[in-house]
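Reader: I should like to learn how to read the features of a model such as this one. Please take me through them in turn.

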Amino acid sequence: MPGLTLDNGDIDYSDIEAKYQVDFDESLDNTVIVDNVPIIDKSKYDRLVAKIAKDFNKKGCSIKPDDIFMPWDDAAGKSKGYLFIDFKSVDEANLALASMHNHPFDAKHIFKLNRFTDVERYAELDETYVEPETEEYTAREHLRAWLADPQGRDQYVTYRGEEVNIHWHGKPSQCEVAHTPKWEHFLYVAWSPLGTFVATLHRQGVRLWGGPSWKPQQRFAHPLVKLIDFSPCENYLVTWSNDPIVVPEGAPQGPQYLSPDDEGNNIAVWDVKSGHLLRTFSTPKEPETNSPKKQMQWPMLKWSPDDKFVARVTAGQMISVHELPSMYLHGKKSLKIEGVVDFEWCPQGDRDRDDAASDSKATTSGSKGALKARENMLVYWTPEVANQPARVTLIGFPSRTVLRQKNLFNVTECKLFWQNQGDFLCVKVDRHTKTKKSTFCNLEIFRVREKDYPVEVVELKDTVLDFSWEPKGERFAIVSSNDPNLGNPGPGITIKTDVSFYQLDRGKNDFKLLRSLASRTSNAIRWSPKGRHVVLATVGSSTKSELEFWDLDFNNEDTGREKVASKDDWGAAIQLLGSGDHYGVTDVEWDPSGRYLATSASAWTHTLENGYAIWDFKGQELEKQILDRFKQFIWRPRPRTLLTKEQQRQIRKNLREFSRTFDEEDAAEESNVSAELIALRKRLVDEWNAWRARSKKEQLEEKGQTVERHTSEEKEEIEVWVDEVIEQIEEEVVE
Amino acid sequence: MRPILLQGHERSLTQIKFNKEGDLLFSCSKDHVINVWYSHNGERLGTYDGNNGTVWTVDVDTESRFMVSGAADNTLRLWAVATGKCLYTWEFPTAVKRVAFSADDKQIVCITEQRMGYQCAIRVFNINREGDGTDQSEEPAFMFNPIGSKVTVCAFTLTPNVIVTGHESGKVALFNLKSGEEILNNERAHMDVVTDLQLSADRTYFITSSKDKTARIHDIQTLMVIKTFTTETPLNSAAIAPGKPYILLGGGQDAMNVTTTSLRQGKFETRFWHKVLEEEVGRVKGHFGPINTIAVHPGGTCYASGGEDGFVRVHHFDDSYFRAKPYGDLEIED
């Protein structure tokens with residue numbers, strides 16, 4: 001500093017110097033060694049360096065030729081075939097490592113990049129072999145442990161406010177909370193279809209929990225996930241988010257994570273066991289139309305019942321079927337179908353599943369003779385276009401052979417309903433009259449197990465609101481309505497409906513009306529998963545909330561379905577077992593055993609009397625909980641029984657014997673409960689009486705102190721005169 | 001038995017009260033009128049006219065000679081039960097919300113509202129029972145302003161010059177009348193306004209109801225909560241049934257919300273709870289508005305409820321009520 005001289009010789013600046021010392025980056029982390037560089041002589045040096053610098057710059061690593069240092073073999077007058085590059089920062093060095101490693105410089109030379117420090121590290125590596133430590137084997141918890149419950153109870157999950165509870169449900173004394181997990185910040189919970197896992201949807205993705213201690217089992221990092229869908233055998237998971245996938249820089253890489261290639265997609269398919277991402281899809285862009293926005297279809301990817309294929313429809317164009325687990329397009333081409341609207345896979349019945357199992361066994365053992373399992377089937381429909389009629393087509397897959405086609409006319413809309421065993425297919429066809437003023441409904445029923453797939457039509461005059469097959473049965477129920485208010489829903493309007501049951505008439509091989517229940521308000525049909533029992537509910541109405549419990553085999557005392565009702569008692573076996581009312585009910589769900597029914601009023605729909613109730617199949621209310629901010633009630637599904645058909649038949653045959661032990665348990669239970677209750681009551685009464693005696697004594701003492709005010713309490717007798725008219729005779733005197 | 005519907009009021013009921021023998025039922029309402037009825041057949045015996053505002057409260061002495069009422073016209077009136085004549089009128093700066101006779105009929109306590117700059121006040125008057133009752137002293141025997149949350153309900157205890165009060169904050173307290181001092185309190189007896197307070201027959205315990213959806217039985221000496229009855233609706237009134245181990249609760253959502261929800265939502269039923277076991281034993285439907293006040297016949301043979309809908313319903317208990325032992329043979333002291 002000119003003009004300012006200070007004698008600072010004796011001032012110690014070392015502390016300040018230490019404080020403000022600039023840290024020079026002494027490390028060599030920003031130096032990279034490039035191997036496999038062409039060996040050249042002096043004359044080509046400048047050109048080579050310029051070319052290398054250009055290549056690096058192309059990939060976004062800005063270096064100058066000056067940054068390159070090429071060691072030189074002076075004896076040979078040639079380069080040594082490698083060079084060093086100094087980058088400005090470690091980050092840039094990393095970028096170069098990522099982008100320039102394995103860079104094909106020319107036909108013969110492929111660059112190999114290494115960090116300078118790494119070379120040193122590897123050179124100094126200890127060469128002696130150290131045996132890796134074998135990790136201690138720890139047995140994982142059994143994910144289906146809940147099925148081994150000695151009392152055979154079912155579980156359900158409730159979600160209220162921010163609190164999730166997993167409950168046991170059995171006899172009144174056996175109902176208890178199984179687990180209260182500490183899950184936070186999630187949208188909702190969902191069970192996997194066989195009940196193995198419970199999934200929670202978080203901001204970061206999906207998390208699966210399971211096992212007796214409810215440990216985290218798997219996670220799928222799909223940010224802002226909104227919807228999920230498991231494949232039927234719960235091997236795969238489909239997730240959907242409204243926001244397209246964005247992979248931020250520095251995001252973890254690996255098979256379990258979304259990669260930059262997936263950016264912009266909405267749907268992801270994951271392998272549940274490994275947690276690996278299999279593939280992502282984008283949602284088809286809806287063409288901008290004036291028509292009101294259709295609700296998004298979910299599940300968007302439909303699984304074949306054996307988890308072998310997954311298919312999705314591109315409206316109006318094609319159905320694309322992907323194979324699992326590779327997720328490649330099956331046969332490398334989609335099913336091109338002009339105008340296709342919707343499709344549905346045929347579910348696998350118990351029989352098909354056994355066939356498939358024996359089939360795969362047969363192929364592995366090489367023996368023949370096992371029954372060939374039924375091929376997967378799917379059904380789709382196309383609407384009327386120009387002169388072409390609407391068409392429902394049943395095809396086999398993977399053979400892609402058309403099995404059955406049916407032309408339909410004047411079609412507004414089709415809905416496809418498979419019976420859960422894959423025995424029947426019902427196509428609910430909403431048709432319009434020529435003038436298009438009024439609509440009516442046809443049910444086209446395909447009998448899929450029979451030769452040539454015969455189709456039969458049930459014609460109805462009314463609009464069908466809901467259709468439901470009896471699980472494992474030959475019956476179905478429909479809710480139909482001709483209410484003028486249909487189609488213009490408003491507050492306080494409850495649509496009058498009719499409920500009808502139909503059954504397959506074995507003799508004539510057609511579906512006949514069993515019974516029709518006229519003028520109700522029910523709008524939901526819930527069959528028991530075991531068939532026979534059905535609940536009709538009025539859901540989503542602010543005024544009505546009835547539940548009706550029906551038994552369709554009331555007269556057949558557990559003789560089984562085999563006995564076909566004779567002509568004269570057709571429909572006579574239908575019996576109303578009971579009815580109930582759950583105000584504001586929004587969800588009705590059977591437990592997997594078909595013994596109990598749960599109804600819930602969710603705060604997601606309205607805020608009146610939220611909570612849930614559990615009923616038995618007879619319509620008796622067993623439990624009712626009114627809870628503010630109650631959101632979700634879901635029974636834990638059960639996997640298919642492991643008992644063979646023969647074993648099941650044995651049990652059914654000897655039901656009396658089996659039930660005896662349970663009856664004894666019940667009786668013991670009951671007396672136990674009542675004894676406890678009586679003891680509690682007795683204690684309460686004793687406490688009360690003791691307190692009363694004490695306070696009475698105190699009162700007497702007090703009275704003794706104060707002068708008795710009323711020495712002789714005179715009691716006034718009040719007489720009440722009651723005039724009762726025994727008989728009144730009016731006489732009219734006629735003159 | 002069919003309930004007797006008493007249709008003598010044009011507006012919502014505020015309080016109903018049986019006399020000591022239970023043959024008469026006094027009812028007061030927002031329509032300025034006090035009615036008296038024969039409880040056994042629902043016949044109206046007469047009215048007490050003269051109030052110029054909502055009558056908030058009534059009480060009758062043990063001899064059924066005098067009746068006292070408090071109203072929104074800022075008056076406290078003493079009536080002759082038999083003739084319907086107003087014997088004496090006290091005037092205050094604010095409305096009278098609650099009145100009560102002492103056990104010996106010689107004193108009445110009244111609570112006046114905290115409004116227009118006036119504090120909530122408790123006044124006690126000595127009643128001159130000599131003569132025709134018109135000769136009363138204008139000045140209260142005691143008067144004080146309780147500190148803190150205002151008083152909503154009160155009653156005389158057995159101890160001379162001690163009253164029990166329920167407060168807006170949910171507090172229950174004992175006050176010495178002479179000094180105006182709080183002897184004892186239970187700040188957390190309820191979480192919301194105490195809406196009613198009724199004594200047991202022997203005045204050794206009392207029941208309170210509150211907007212916090214609970215009713216509680218307290219010991220009058222220690223103010224200890226003996227029993228708690230938790231319902232799912234705000235409660236307006238609670239009464240103790242003599243002879244049977246039941247208590248009666250009435251309430252329903254606030255009148256201001258009634259029109260926006262359905263009848264079943266309102267929960268306008270009288271609920272019967274077991275006093276000792278704290279379990280609900282039954283409900284009686286009927287009112288189509290919240291129940292404001294409940295009273296039980298001192299003999300335990302009938303009860304009456306008064307609702308926001310303007311009706312009083314008198315229910316005489318059936319034989320089955322007396323015969324039924326829903327919990328078996330439990331001997332419970334009254």
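Reader: Which residues of chain B are linked in a network of salt bridges?

Author: A salt bridge is a side-chain nitrogen of Lys or Arg within 4 Å of a carboxyl oxygen of Asp or Glu. In this predicted model, the network joins B:Glu232, B:Glu269, B:Arg271, B:Glu280 and B:Arg283. Over all chains, the count comes to 42 salt bridges.

Reader: Before we proceed, what conventions apply to the numbering and to the values?

Author: Residues are numbered from 1 along each chain as its sequence is written, while chains are lettered from A and ligands numbered from 1 in the order in which they are written. As this is a predicted model, local features need pLDDT of at least 70, side-chain atom pairs count only at pLDDT 80 or more, and totals for chains, interfaces and linings use all residues; side-chain values use heavy atoms, with hydrogens and water left out.

Reader: Which parts of chain A does the salt bridge between A:Arg595 and A:Asp154 link?

Author: Helices (H or I, at least four residues) and strands (E, at least two) are DSSP runs, numbered from the N terminus. The closest N and O atoms of A:Arg595 and A:Asp154 are 3.6 Å apart. This pair links distant parts of the chain, 441 residues apart: A:Arg595 belongs to the loop between strand 38 (587-590) and strand 39 (596-601), and A:Asp154 to strand 7 (residues 154-160).

Reader: Are the partners in such pairs buried or exposed?

Author: Buried means under 20% relative accessible area, exposed over 50%, and partly exposed in between, with a 1.4 Å probe and protein chains only. A:Asp154 counts as buried because its relative accessibility is 1%, whereas A:Arg595, at 35%, counts as partly exposed. In another salt bridge, A:Lys618 and A:Asp616 have their closest N and O atoms 3.6 Å apart. There A:Lys618 is partly exposed at 42%, and A:Asp616 is buried at 11%. Of the 735 residues of chain A, 41% count as buried.

Reader: Which residues make the nonpolar surface patch?

Author: Patches are made of residues with over 30% relative accessible area and no salt bridge; like charges are joined within 9 Å, and nonpolar side chains (Val, Leu, Ile, Met, Phe, Trp, Tyr) within 5 Å. Here A:Leu643, A:Ile651, A:Leu655, A:Phe658 and A:Phe662 form a patch of about 430 Å², the areas coming from the Shrake-Rupley method with a 1.4 Å probe; for residues, only the protein chains shown count as cover. Helix 7 (residues 655-705) of chain A supplies the largest share, 3 residues. A:Phe662 is found in this helix and is partly exposed, with a relative accessible area of 48%.

Reader: How many helices and strands are there in chain A, and into which domains is the chain divided?

Author: Chain A holds 7 helices and 42 strands. Domain bounds come from an automatic or database domain assignment. For chain A they give domain 1 (26-121), domain 2 (343-358 + 372-461) and domain 3 (465-483 + 495-555 + 570-652). The centres of domain 1 and domain 2 of chain A, taken over C-alpha atoms, are separated by 66 Å.

Reader: What is the domain assignment of chain B?

Author: Chain B has domain 1 (1-149) and domain 2 (231-334), whose C-alpha centres lie 24 Å apart. Their contact (heavy atoms within 4.5 Å) takes 25 residues from domain 1 of chain B and 21 residues from domain 2 of chain B.
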